[in-house]
Amino acid sequence: QLQASGGGLVQAGGSLRVSCAASGFTFGSYCMGWFRQAPGKEREFVSSISWTGDHTFYADAVKGRFTVSRDNAKNTVYLQMNSLKPEDTAVYYCAADSTLTSWAHEYDYWGQGTQVTVSS
């Protein structure tokens, strides 16, 4: 099970950190991904992180503004979002997979999502 939290309303240029707590599987053996879906749009890849956190990947749209991290002792993955833009408004989902991938269909477990709204 994956439980995302930390979403909310923030002004453009602001920051927000979303978290995703995992349970029911061996968190440290899974790569984690963040995806987002805006109204009327398809779900898109945001970021991913390897089992140990040594490798991270970002979509071009968020590179340099977002940072993914994980704490395996707490079974939690984080997404720090800085310099937020209105186009970052979406429901953010965390997901887990045994491989490091940006393809949504390859992920085994999904959280319920948390709403992030950036006002202009």
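Strand β9 is largely enclosed by the rest of the structure, because seven of its eight residues are buried. This description rests on a predicted model. In that model β9 spans residues 90-97 and pairs with several other strands. Seven bridges join β9 to β4, and the two run antiparallel; within this pairing, Q37 has V91 of β9 as its bridge partner. An antiparallel pairing over three bridges links β9 to β11, where A90 stands opposite V116. Strand β10, residues 109-110, is also antiparallel to β9 and is joined to it by two bridges. In that pair, the partner of A96 is Y109 of β10. In general, strands of a sheet pair through backbone hydrogen bonds, in either a parallel or an antiparallel manner.

The contribution of β9 to the interior is also seen in the nonpolar core. The largest such core has 34 residues, and those with the most contacts inside it are W34, L79, M81 and Y92. At least two core residues are supplied by each of β1, β3, β4, β5, β7, β8, β9 and β11. The largest share, five residues, comes from β9. As a general tendency, nonpolar side chains in soluble globular proteins are buried together.

The protein chain as a whole contains 11 strands and zero helices. Its dimensions were compared with those expected for a globule. For 120 residues, a compact globule would have a radius of gyration near 14 Å, and the 13 Å of the protein chain therefore agrees with that value. The C-alpha trace spans about 40 × 25 × 25 Å along its principal axes. Of the 120 residues, 44% count as buried. Among contacts in the chain with a separation of 6 or more, 57% are made by residues 24 or more positions apart.

An open sheet of four strands was identified, with the order β1-β3-β8-β7 and antiparallel pairing. Its edge strands are β1 (residues 2-5) and β7 (residues 66-71), each of which pairs on one side only. On average, neighbouring strands of this sheet are turned by 15° against each other, direction ignored. At the β7 edge, β7 and β8 (residues 76-81) are paired in the antiparallel sense over six bridges. Two of the residue pairs can be named: V68 has L79 of β8 as its bridge partner, and D71 is paired with T76 of β8. L79 is also among the residues with the most contacts inside the largest nonpolar core.

Side chains along β7 alternate between two faces. F66, V68 and R70 point to one face and are buried, whereas T67, S69 and D71 point to the other and are not. The bridge between D71 and T76 thus joins a residue of β7 that is not buried to a residue of β8 that is buried, since T76 has a relative accessible area of 10% and the limit for burial is 20%.

T76 lies in strand β8. The side chain of this residue reaches the backbone oxygen of K74 at 2.8 Å. When neighbours within four places in sequence are left aside, T76 is in contact with S19, C20, A21, F27, R70 and D71. Of these contact residues, R70 and D71 belong to opposite faces of β7, with R70 buried and D71 not.

The hairpin of β7 and β8 has four residues between the strands, and one feature of its backbone is the positive phi of N75, near 55°. N75 is located in the loop between β7 and β8 and is not a glycine. With a relative accessibility of 27%, N75 counts as partly exposed, because burial requires a value under 20% and exposure one over 50%. Most residues other than glycine have a negative phi.

A positive phi was also found at S83, where the angle is about 50° although the residue is not a glycine. S83 is placed in the loop between β8 and β9. Its relative accessibility is 41%, so S83 counts as partly exposed. The loop that holds S83 leads from β8 to β9, the strand with seven of its eight residues buried.

Notes:
Residues numbered from 1 in each chain as written. Predicted model: local features only at pLDDT ≥ 70, side-chain atom pairs only at ≥ 80, totals over all residues. Heavy atoms only, no water. Pairing = 2+ DSSP bridges. Axes fitted to C-alpha atoms, helices over the stretch in contact; angles between N-to-C directions. Buried < 20%, exposed > 50% of the residue type's maximum accessible area, 1.4 Å probe, protein only. Polar contact = N/O pair within 3.5 Å; in protein donor to acceptor, adjacent residues only side chain to side chain. Contact = heavy atoms within 4.5 Å. Core = buried A, V, L, I, M, F, W, Y, C linked by side-chain atoms within 4.5 Å. Rg over C-alpha atoms; globule rule 2.2 N^0.38 Å.
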